[in-house]
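User: I've got a model open and I'd like to learn how to read it properly. Can you walk me through it feature by feature?

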Amino acid sequence: MSKKYDFQLIEKRNGWAAEIIRQITSRRTIVSKRQLGFTTEAEAKEWAEKELIEFQKIQTERNKRRSAADKRKKQD
């Protein structure tokens, strides 16, 4: 599991919210994805765990594509 990405659960007035967060610096984080409207904390946690894994896969693929594109630009 990456230290750069994590999730947090927040209790709202009308239920629970789950957020995928990214660590920018040691003190600063940003919300990369948010889902609202869960009735229980367990539902929010389940969504966040599944979504975090999927989110990291997508980011890894994206980074590989960008890295390959950058290498091609440097060769040209």
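Analyst: Sure. Let's begin with burial: a residue counts as buried when its relative accessible area is under 20%, and as exposed when that area is over 50%. Keep in mind that this is a predicted model. Here, buried residues make up 24% of the 76 residues in the chain.

User: What does the chain expose in terms of area, and what share do carbon and sulfur atoms supply?

Analyst: The exposed area comes to about 6300 Å², and carbon and sulfur atoms supply 45% of it.

User: OK, next the layout. How many helices and strands are there in the chain, and what pattern does the chain follow along the sequence?

Analyst: You're looking at one helix and three strands. Reading along the sequence gives β-β-β-α.

User: How do I judge whether the chain is spread out or compact?

Analyst: Compare the radius of gyration with what the globule rule gives. For 76 residues the rule gives 11 Å, while this chain has 16 Å, well over that value, so the chain is more spread out than a compact globule. The C-alpha trace spans about 55 × 25 × 20 Å along its principal axes. As for contacts, among those with a separation of 6 or more, 33% are between residues 24 or more positions apart.

User: Now the sheet. What should I look for there?

Analyst: The general idea first: strands of a sheet pair through backbone hydrogen bonds, and they do that either parallel or antiparallel. In this model, three strands form an open sheet, ordered β1-β2-β3, with antiparallel pairing. β1 and β3 (29-38) are the edge strands, each pairing on one side only. From one strand to the next, the twist averages 20°.

User: Where does the helix sit relative to that sheet?

Analyst: α1 packs on the sheet and touches β1, β2 and β3. The direction of α1 makes about 150° with that of β1.

User: How many bridges join β1 to β2, and how many are there between β2 and β3?

Analyst: Eight bridges join β1 to β2, and β2 pairs with β3 over seven. Both connections are hairpins: β1 and β2 have two residues between them, whereas five residues link β2 to β3.

User: Which residues stand opposite each other across the strands?

Analyst: Take the β1 side to begin with. Tyr5 stands opposite Arg22 in β2, and Glu11 has Trp16 as its bridge partner in β2. Over on the other side, Trp16 stands opposite Phe38 in β3, and Glu19 faces Arg34 in β3.

User: Is β2 mostly covered or mostly open?

Analyst: Mostly covered: seven of the nine residues in β2 are buried.

User: That gets me to the core. Which residues make up the largest nonpolar core?

Analyst: The general idea is that nonpolar side chains tend to be buried together in soluble globular proteins. The largest nonpolar core here has eleven residues: Tyr5, Phe7, Trp16, Ala18, Ile20, Phe38, Ala44, Trp47, Ala48, Leu52 and Phe55. Two or more residues each come from β1 (5-12), β2 (15-23) and α1 (41-75). α1 gives the largest share, five residues.

User: What does Tyr5 touch, beyond residues up to four places away in sequence?

Analyst: Leaving those sequence neighbors out, Tyr5 touches Ile21, Arg22, Ser32, Leu52, Phe55, Gln56 and Gln59.

User: Last one: why does Ile24 count as partly exposed?

Analyst: Partly exposed covers the range between the buried and exposed cut-offs. Ile24 has a relative accessibility of 33%, so that's how it is classed. Ile24 lies in the loop between β2 and β3, and beyond residues up to four places away in sequence it touches Thr29 and Ile30. The C-alpha atoms of Ile24 and Tyr5 are separated by 9.5 Å, with the two residues 19 apart along the chain.

Terms used. Residues are numbered from 1 along each chain as its sequence is written. This is a predicted model: local features need pLDDT of at least 70, side-chain atom pairs count only at pLDDT 80 or more; totals for chains, interfaces and linings use all residues. Side-chain values use heavy atoms; hydrogens and water are left out. A nonpolar core is a set of buried Ala, Val, Leu, Ile, Met, Phe, Trp, Tyr and Cys residues joined through side-chain atoms within 4.5 Å. Buried means under 20% relative accessible area, exposed over 50%, partly exposed in between (1.4 Å probe, protein chains only). Helices (H or I, at least four residues) and strands (E, at least two) are DSSP runs, numbered from the N terminus. Contact means heavy atoms within 4.5 Å. Two strands pair if DSSP finds at least two bridges between them. Axes are lines fitted to C-alpha atoms, for helices over the stretch in contact, and angles run from 0 to 180 degrees between N-to-C directions. The radius of gyration is taken over C-alpha atoms; the globule rule is 2.2 Å times the number of residues to the power 0.38. Accessible areas come from the Shrake-Rupley method with a 1.4 Å probe; for residues, only the protein chains shown count as cover.
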